[in-house]
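Visitor: Could you take a close look at one part of this chain with me? I would like the overall setting first, and then the surroundings of a single serine and the loops that go with it.

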Amino acid sequence: MLTTRRMLMQSSLAVMAAIPSLLAHAQDQRPVARRIPSTGEAIPAVGLGTWITFNVGDDPTLKDECADVMAAFFEAGGRMIDSSPMYGSSQPVVGHGLQKLGQPAALFSAEKVWTSSGTDGPSQIEQSRRLWDVPRFDLIQVHNLLAWEAHLQTLFAMKAAGSVRYVGITTSEGRRHDLLERIMRHEAIDFVQLSYNIIDREAEERILPLAAERGIAVIINRPFRQGALTSRLEGEPMPEWAAELGASSWAQFLLKFILSHPAVTVAIPATTRVDHVRENVAAATGPLPDAATRERMVAHVQDL
């Protein structure tokens with residue numbers, strides 16, 4: 001009996017000793033969260049884009065597949081879903097998924113206004129809200145700076161009235177960075193969205209440092225160059241040292257590079273596959289590369 005008690009005691013002590021390690025491991029599996037500078041609110045560093053991937057029309061099977069992607073995204077700890085009136089049927093498909101999932105409380109809704117008429121902005125935003133079926137959007141962005149002056153006035157008024165929480169602007173594929181920079185310097189925006197990846201690094205020169213200086217959150221679109229980067233690297237072996245970063249795929253390798261920039265708040269890769277969305281969110285777990293490793297990553301991809 002004494003031997004049994006001693007064994008039980010030793011077993012209990014061993015379990016207690018392992019708890020800190022187990023908790024640390026569990027913590028490592030949670031997506032890295034970044035603070036939105038204007039409020040300090042934390043948001044997971046990998047979101048979900050919907051450009052092309054959610055433009056599936058009214059096909060019930062494809063809509064349900066998108067809802068499955070959204071379900072996996074939320075289960076993995078994701079929050080931000082980004083869409084636009086420009087993205088075909090993506091908005092109602094997002095709305096379908098949210099309804100099917102019971103309107104997840106974790107959602108951080110990021111939408112855009114995209115019309116050349118400033119006076120049409122409010123009605124377009126309201127139509128988008130109805131398609132998502134949300135009480136209000138967390139973030140509304142002026143898409144590709146179209147009619148940006150008029151739309152920013154609308155969005156700032158909405159923010160003051162409490163009908164949107166954050167205001168932002170977007171561009172893509174490296175376009176109009178001079179105007180983007182001017183708006184960032186002179187307007188009280190909360191977010192800026194732009195293209196940035198291991199190949200397209202122009203934003204490192206002025207835009208990302210300016211965002212850090214001005215306290216503006218940064219959303220990264222086209223992290224895989226709309227799939228061109230992952231397709232190019234697909235047949236290449238991963239470098240052995242990628243395991244030190246916890247990167248088990250090229251998608252995670254590329255996302256970890258983006259997320260390791262201190263000015264980046266969230267990246268929004270788009271996908272049609274449940275396994276890919278889980279893989280993408282998991283890129284925000286574990287270690288991120290330091291400055292020296294970032295340069296090593298760039299050199300490795302350039303050499304392939």
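**A close look at S84**

Guide: Because a compact globule of 304 residues would have a radius of gyration near 19 Å, the 21 Å of the chain agrees with that expectation (the radius is taken over C-alpha atoms, and the globule rule is 2.2 Å times the number of residues to the power 0.38). Please keep in mind that this is a predicted model, in which local features need pLDDT of at least 70, side-chain atom pairs count only at pLDDT 80 or more, and totals for chains, interfaces and linings use all residues. Residues are numbered from 1 along each chain as its sequence is written, and side-chain values use heavy atoms, with hydrogens and water left out.

Along its principal axes, the C-alpha trace spans about 85 × 45 × 40 Å. The chain holds 11 helices and 10 strands (DSSP runs numbered from the N terminus: H or I of at least four residues for helices, E of at least two for strands). Of the 304 residues, 49% are buried, where buried means under 20% relative accessible area, exposed over 50%, and partly exposed in between, using a 1.4 Å probe and protein chains only. Contacts, meaning heavy atoms within 4.5 Å, often reach far along the sequence: among those between residues at least 6 apart, 77% join residues at least 24 apart.

Now to the serine. S84 sits in the loop between strand 4 (80–82) and helix 3 (90–100), and S84 counts as buried because its relative accessibility is 0%. Leaving aside residues up to four places away in sequence, S84 touches Q91, E111, K112, W114 and H143. With H143 there is also a polar contact of 2.7 Å between the two side chains (a pair of N or O atoms within 3.5 Å; within protein, one must be able to donate a hydrogen and the other to accept it, and residues adjacent in sequence count only if both atoms are side-chain atoms). A polar atom of the S84 side chain also lies 3.1 Å from the backbone nitrogen of M86.

Another loop is worth a look for its backbone angles. L145 lies between strand 6 (137–142) and helix 5 (148–161), and has a positive phi of about 60° although it is not a glycine. A147 is in the loop between strand 6 and helix 5 too, and its phi, near 50°, is likewise positive in a residue other than glycine. As for accessibility, L145 counts as buried at 2%, whereas A147 is partly exposed at 25%.
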